[in-house]
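Trainee: Got a minute? I'd like a walk through this model, piece by piece.
Mentor: Sure, have it open and we'll go through it together.

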Amino acid sequence: MLDERFLRTSALLGEEAIWHLSQSSVMIVGLGAVGGYALEAVARSGVGKIILVDFDKFDKTNINRQILALESTIGYFKTEVAAERIKQINPNCKIEIVNEFVDNSNILDLLDRAPDYIIDAIDSLEPKCCLIEEMWRRKMSFISSMGAALKTDPLQIREGFLSQTQNCSLAKLIRQKLRKKGVDLSQIPCVWSNEKTFSSNKSANIQNGHRALGSLPTITAMFGLILANHVILSLSKSI
């Protein structure tokens with residue numbers, strides 16, 4: 001019997017699509033501004049298992065753009081807050097938590113969990129490159145977010161492949177590093193913005209000793225939702 005939670009999705013994609021989603025597992029790596037919105041949509045689609053990967057806790061600076069960041073969640077692990085939200089959306093969803101910073105020491109073990117799809121919402125260059133390279137070598141199904149900071153025009157957001165990216169400094173660095181590793185950039189699905197970087201003397205601040213780039217809740221949310229849309233349609237056999 002169809003769960004009423006997913007009646008509207010079933011009306012669009014069909015009951016078989018809902019069944020496929022319920023039998024699928026999705027790993028979301030990075031639960032910040034982009035990953036949080038990707039999680040929201042994946043959970044509401046009826047995916048049967050979600051693996052949550054993040055090492056960080058929420059702080060007040062996250063509130064401007066992260067859906068899981070509230071006054072009540074400051075100081076809590078992002079994975080644990082995310083897990084509680086999933087339970088409120090779909091109690092039947094199986095949840096696995098990985099409170100780790102992704103790097104060379106744990107990527108192999110992480111990917112050995114073999115989810116059906118992976119959403120890469122990491123915002124650190126080296127871990128992101130390591131993850132993408134290993135997913136590509138294993139021929140896993142995944143999609144990666146490029147840089148959503150310093151962007152203001154939602155109509156410039158694109159979905160395609162890393163080889164097609166333009167006007168994204170993060171994508172440029174990733175292309176350079178992965179090309180040296182022999183990775184085929186035309187096989188790396190991603191979301192990016194074609195908009196030239198928005199610049200002003202207010203576009204970056206120092207936070208915890210690091211340069212914090214300015215970002216809007218609208219743009220980061222759209223990145224996350226586009227990532228999730230790709231995964232939902234793929235797993236539901238709708239594309």
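**Helix α6 and its surroundings**

Mentor: Let's start with helix α6, residues 125-137: its 13 residues reach 18 Å from the first C-alpha to the last, close to the 18 Å expected at 1.5 Å a residue. That expected span is 1.5 Å times one less than the number of residues. Helices (H or I, at least four residues) and strands (E, at least two) are DSSP runs, numbered from the N terminus. Keep in mind that this is a predicted model, where local features need pLDDT of at least 70 and side-chain atom pairs count only at pLDDT 80 or more, while totals for chains, interfaces and linings use all residues. Residues are numbered from 1 along each chain as its sequence is written, and side-chain values use heavy atoms, with hydrogens and water left out.

Trainee: OK. How many residues of α6 are buried?
Mentor: 10 of the 13, so to speak of α6 as mostly covered is fair. Buried means under 20% relative accessible area, exposed over 50%, and partly exposed in between (1.4 Å probe, protein chains only). Among the buried ones are Lys128, Cys130, Glu133 and Trp136.

Trainee: And what covers the buried residues of α6?
Mentor: The cover includes β1 (25-29), α5 (107-111), β4 (117-120), β5 (142-145) and α7 (169-180). Also, α6 lies across β1, β4 and β5, at about 160 degrees to β5. Contact here is heavy atoms within 4.5 Å; axes are lines fitted to C-alpha atoms, for helices over the stretch in contact, and angles run from 0 to 180 degrees between N-to-C directions.

Trainee: Now the sheet. What's the strand order?
Mentor: β3-β2-β1-β4-β5-β7-β6, an open sheet of 7 strands with mixed pairing. β3 (94-98) and β6 (157-161) stand at the edges with a single partner strand each, so one side of each has no neighbour in the sheet. From one strand to the next, the twist averages 15 degrees. Two strands pair if DSSP finds at least two bridges between them.

Trainee: How do β6 and β7 pair?
Mentor: In the antiparallel sense, over 5 bridges, with β7 covering residues 189-193. Pro189 in β7 is the bridge partner of Phe161.

Trainee: Is β1 buried or exposed?
Mentor: 5 of the 5 residues of β1 are buried, so the rest of the structure largely encloses this strand. Ser25, Met27 and Val29 point one way, Val26 and Ile28 the other.

Trainee: Why that split?
Mentor: In a regular strand, side chains alternate between the two faces of the sheet.

Trainee: What does β1 pair with?
Mentor: β1 runs parallel to β2 (residues 49-53), joined by 5 bridges. The chain gets from β1 to β2 through helix α3 (residues 33-45), in a right-handed β-α-β crossover; that is, with the strands pointing away from the viewer, the path from the first strand over the helix to the second runs clockwise. β1 is also parallel to β4, with 4 bridges, and Met27 has Ile118 as its partner there.

Trainee: Last topic: which residues touch the most other members of the largest nonpolar core?
Mentor: Val26, Leu39, Ile50, Leu52 and Ile119, out of 38 residues. Such a core is a set of buried Ala, Val, Leu, Ile, Met, Phe, Trp, Tyr and Cys residues joined through side-chain atoms within 4.5 Å. Helix α8 gives the most to this core, with 7 residues.
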